[in-house]
Amino acid sequence: MKKLIVSLILLFITTTFFAQHKIFTHQDTLRGSITKERIWWDLKHYDLTISVHPETKTISGKNSIRYKVLKSYQIIQIDLQEPMKITKVTQDGSSLNFKKDGYSYFIELLNKQLKGDENEITVFFEGKPTIAIRPPWDGGLTWEKDSNNLDFIATSCQGDGASLWWPCKDHMYDEPENMAINITTPNHLMDVSNGRLKKITQNNDNTKTYHWYVENPINNYGVNMNVADYAHFSEKYEGENGPLDCDYYVLKENLDKAKKQFKQVPLMLEAFEHWFGPYPFYEDSFKLVEVPYLGMEHQSSVTYGNHYQNGYLGRDLSSTGWGLKFDFIIIHESGHEWFANSITYKDIADMWIHEGFTAYSENLYLDYHYGTEACNEYVIGTRQNIRNDRPIIGPYGVNQSGSGDMYSKGANMLHTLRQLLEDDEKWREILRGLNKEFYHQTVTTQQIENYLSKHTQIDLTAFFNQYLRDVRIPTLEYKILENKITFRWVQIVENFDMPIKVYLNTSEKWIFPTKDWKEISSKSTLSNFAIDKNFYVESKLLN
Ligand SMILES: [Zn+2]
């Protein structure tokens, strides 16, 4: 009998283990970890040149990769996913040998790599890149046509990685300091990529090359090319760091609609510079670029496909009405310029740093333009999207993100933290401080958590463990007696003791629950007990 129980328990443990834990492969580790063939060199510069061939849905080109030697080593890892392939690698005029292991190429360098040296390799590649099935959630190329039957082409690759279409160091921890992107398109089309358009060269085979230059560090998946018969209009925004060039590229058929809808860009910049500090890429300008999919936070060339309407494809994610006051893609994807493009996760397991803060930026946009009550209603409304299925933080080193709860639950966690601080000016200083401290850097969740603990002067260790590393929602159990209320936290991680604001006899009061029962009492009868809805917690009245 005992044996049977043990086997049943084992069976239960094994099935839950396999239900919750994906088995990771050698390929996941090569893609998601800082391997010994990656760690020895610091990425300095990419010079990426690509020709786009719409008739065959293929691309070809080369990427010159400049790096600094941190530690002498002779093998360099460069990633490119099938069906794309690397055809040749050169350094100082010599052709190099390489071995392929799945999506990673291990290239043997001939010249001795000396610590401190800056060297360059050039990687030649070609192929028919993966076609995105459900962009931007599945990465790849999108080959569409506009209403004049002209090509309308775009890339998107968050998660899958930039090595879906061009060879690079496909790990987020290391970014080039700057980057040149040169895209050749048929004569009648144009390319819009990141940064600024430096020049257009006319080639003698009925093609043109668009030379873009990014002056700031850029993450892999932020790099993009968008090829279409675009119309262009622009404006200058007078921002915290002076005039900011805002350029818009849209299909000609949508020019009038875009001129109306994109009036939200200055409103967005005003709100976000207020809360987060200066737009992080003045040198590279701000752009909105129409694409044949919903949208993506491509650095300084945010892509847009929300059909010139408010909400998320016309829907309000909060069901409160506030979600229809703004164009979700303009606001959300631009919010990522601060959280994703300037402050970037080192490992996709910490993707909440991008999505939690950016989902929260939607609330702050509403707060700035419509007031705190609108912000509160919206963020509380988005709780309907939380599933509490898996922790927000995913497993490290295998290119795997955590739960989709990183959006709405991440935003509600930050909203709860704002309540704990009870000082909006201080909260704004902290958000702006984060953007100063980690400006143009790749970071870990621990760095963000430590910064928030230090500057709120609250030890948030258990708070973050609860919301980021556990799926349970803290639940306040309470009993109401005539002139006494007893309460305690259940469903909590170790040491979780978050205070909360409650209403009692219509007045506001902070209580300090722990895992042990506590009580508050009064001489008069206690009534109308309620928890402030801004805290993302649950409650249970016991009889
Ligand atoms: Zn996002």
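Let me begin with the site of the zinc ion, which is irregular, with angles of 52 to 154 degrees among its 4 donor atoms. As to that term, four donors count as tetrahedral if all angles lie between 85 and 135 degrees; four count as square planar and six as octahedral if opposite donors are over 155 degrees apart and all others between 65 and 115; anything else is irregular.

This is a predicted model, in which local features need pLDDT of at least 70 and side-chain atom pairs count only at pLDDT 80 or more, while totals for chains, interfaces and linings use all residues. Residues are numbered from 1 along each chain as its sequence is written, and side-chain values use heavy atoms, with hydrogens and water left out.

The zinc ion is coordinated by NE2 of His332, NE2 of His336 and, twice, OE of Glu355, at 2.0 to 2.7 Å. Donors here are N, O and S atoms within 2.8 Å of the metal (3.2 Å for Na, K and Ca); water is not among the atoms, so sites may look incomplete. Along the chain, the donors follow the spacing H-x3-H-x18-E. His332 lies in helix α6 (residues 328-335) and Glu355 in helix α7 (residues 352-370), so this pair ties together parts that are 23 residues apart in sequence. Helices (H or I, at least four residues) and strands (E, at least two) are DSSP runs, numbered from the N terminus. Both His332 and Glu355 are buried, where buried means under 20% relative accessible area, exposed over 50%, and partly exposed in between (1.4 Å probe, protein chains only).

I turn now to the aromatic rings. The count comes to 37 aromatic pairs, the rule being that rings of Phe, Tyr and Trp (its six-membered ring) pair if their centres lie within 6.5 Å; planes under 30 degrees apart count as stacked, over 60 as edge-to-face and the rest as tilted. Phe262 and Tyr304 have ring centres 5.3 Å apart and planes at 80 degrees, so the pair is edge-to-face. It links distant parts of the chain, 42 residues apart: Phe262 is in the loop between α4 (255-261) and α5 (264-276), and Tyr304 in strand β20 (residues 302-304). Phe262 counts as buried at 2% relative accessibility, as does Tyr304 at 0%. Tyr304 also pairs with Tyr308: the centres are 5.2 Å apart and the planes at 50 degrees, so this pair is tilted. Tyr308 is buried too, with a relative accessible area of 11%.
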